[in-house]
Amino acid sequence: MQPSGVTADVTHSGQWEGRPAAQQPEWRDHSAYKVSCRILGSAPPLVPAAEVRQLRWSLADLLTTDALLLQLGDCAESLYECTPRHTAQKLQVIDRLGSRFSELTGRRVIRVGRMGGQFAKPRSQPTENHGALAIPSFRGHMINSELAVPQTRRPDPRRMVWAYEAGSAVQRAMRAQRRGDGRPSTTDGPWSSHEALVVDYESRLIRRDPDTDELYLGSTHLPWVGERTRQPAQAHVALLSAVVNPVGCKIGPTADVSDILRVCEALDPGREPGRLVLIPRMGHQRIQQTLPPIVRAVANAGHPVVWLSDPMHGNTVTSGLGLKTRHLADVITEALRFRDIVEGLRQHAAGLHIEVAADDVTECIGGPVENEDGLLRHYTTLCDPRLNADQATELIEAWAKGTG
């Protein structure tokens with residue numbers, strides 16, 4: 001028997017079926033592939049349709065008010081850090097930073113966590129070197145293990161089920177947080193988000209809204225498509241085009257105006273407020289050249305998008321110690337340039353999309369991490385470097401100083 005709201009033929013009749021899909025694990029010959037997909041296809045959605053509608057209404061309202069959006073969390077979630085203790089710590093950081101953002105700006109802040117599903121990561125190279133040995137790259141706990149040996153780097157489809165179970169625990173905690181008594185009126189969320197990367201996982205969590213009969217993605221409230229997977233003719237965009245969730249799209253430094261207009265048309269053909277979040281991640285040196293024509297073109301095309309700055313992914317460098325890092329000064333510079341560009345073109349600069357750890361990590365340089373040597377104290381990320389809460393606060397404070 002299937003749970004209420006599940007439609008048996010959804011995952012095999014979608015417009016994404018048979019389309020090219022970049023960054024996918026090669027696991028369809030694995031003995032557990034079919035049963036893992038079957039389990040997901042008959043599982044309850046992680047988020048109900050009513051919550052998806054509520055977030056869309058909030059994002060639509062953001063466009064007509066001076067409210068802000070703060071989206072934050074781990075670069076790559078760990079399946080081992082979805083315990084009640086870890087989740088409570090992450091929610092505390094979201095609440096602290098969201099409250100600080102609201103306090104500094106005097107505005108309502110919609111809070112969205114990179115939580116409950118951020119278990120898969122696109123990678124620029126299929127392999128990585130460990131000494132003389134080249135092994136498959138770590139692609140997130142939904143796909144393989146971070147342990148650097150060939151056996152644990154093999155894609156395992158059973159991990160999709162483990163990710164679903166971990167995500168379910170996180171979603172329950174987030175739901176309890178949203179329902180908590182005594183929350184201030186400036187609080188909205190926290191809602192969940194992740195990159196909708198693994199098509200096998202996402203497609204099997206598409207459900208029908210029992211009230212509207214529309215398709216929605218039951219894996220998260222706010223899925224996004226990445227810079228590497230935003231091609232309109234391919235599977236990721238086709239899948240998100242088919243659901244009614246609010247959806248995001250990352251935009252990198254080599255983005256072409258016509259490409260962005262095509263993906264906007266695919267994801268938001270009805271020009272619906274609250275539907276589309278565009279997230280530039282261009283680097284502090286390139287954003288001033290690349291972003292303005294995109295903002296103008298999207299506005300002229302009539303898409304009422306939410307503009308959100310990701311000032312981190314375009315500013316990743318390798319330290320002299322061989323560790324990936326980001327300089328807080330560069331992150332702040334890109335965020336402020338984004339805000340000035342968007343507002344200068346009479347659009348609403350809605351806020352920030354940042355990678356922040358709940359622990360006091362030392363992965364980015366700036367604030368309490370004075371130099372490269374400081375990175376060694378507590379560098380624990382599974383993938384890209386994250387800000388700690390103090391560094392994220394410094395970023396928020398810099399943004400707020402220029403908010404009228």
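Okay, let's start with a crossing: helices α3 and α4 pass each other in a right-handed way. Right-handed here says that the near helix is turned clockwise from the far one by less than a right angle, and anticlockwise would be left-handed. Helices and strands are DSSP runs numbered from the N terminus, helices being H or I with at least four residues and strands E with at least two.

A word on where this comes from. This is a predicted model, in which local features need pLDDT of at least 70 and side-chain atom pairs count only at pLDDT 80 or more, while totals for chains, interfaces and linings use all residues. Residues are numbered from 1 along each chain as its sequence is written, and side-chain values use heavy atoms, with hydrogens and water left out.

Back to our pair. Two packed helices are described by the angle between their axes and the distance between the axes. For α3, residues 84-105, and α4, residues 158-178, the angle is about 45° and the axes are 10 Å apart. That makes α3 oblique to α4. (Under 35 degrees is roughly parallel, over 145 roughly antiparallel, 65 to 115 roughly perpendicular, and the rest oblique. The axes are lines fitted to C-alpha atoms, for helices over the stretch in contact, and angles run from 0 to 180 degrees between N-to-C directions.)

Which residues in α3 and α4 meet? On the α3 side they are Thr-87, Leu-91 and Asp-95, and on the α4 side Val-170, Ala-173, Met-174 and Gln-177; contact means heavy atoms within 4.5 Å. By class, the contact of α3 with α4 has four nonpolar residues, two polar and one charged. (Nonpolar covers Ala, Val, Leu, Ile, Met, Phe, Trp, Tyr, Cys and Pro; charged covers Asp, Glu, Lys and Arg; the others, Gly among them, are polar.)

Now a second pair. Helix α8, residues 287-300, and helix α9, residues 328-344, cross at roughly 35°, with axes that come within 10 Å. This crossing of α8 and α9 is right-handed. From α8 we have Ile-287, Gln-288, Leu-291, Pro-292 and Val-295, and they meet Glu-334, Arg-337, Phe-338, Ile-341 and Val-342 of α9. Seven residues of the α8 and α9 contact are nonpolar, one is polar and two are charged.

So much for helices; on to the empty space. How many cavities of 30 Å³ or more does the structure hold? Just one, and the largest cavity has a volume of about 70 Å³. (On a 1 Å grid over the protein atoms alone, a cavity is a set of points where a 1.4 Å probe fits but cannot get out; a pocket is an open set with protein on both sides within 12 Å along at least five of seven lines; lining residues have an atom within 4 Å of a point.) Its lining includes Leu-72, Lys-90, Met-115 and Val-356. Helix α3 turns up again, giving the most to that lining with three residues.

Then there's the largest pocket, with about 710 Å³ of space. It is lined by 33 residues, and Pro-122, Arg-123, Lys-324, Cys-383 and Asp-384 lie nearest its centre. Strand β3 supplies the largest share of this lining, three residues. The pocket lining has eight nonpolar, 11 polar and 14 charged residues.

Two backbone details to finish. The peptide bond from Gly-189 to Pro-190 is cis, with omega near 10°, and Pro-190 sits in strand β5, residues 187-195. Gln-23 has phi near 65°, a positive value in a residue other than glycine, and Gln-23 is in the segment before α1.

Terms used:
Points joined across faces, edges and corners; volume = space filled by probe spheres on them.
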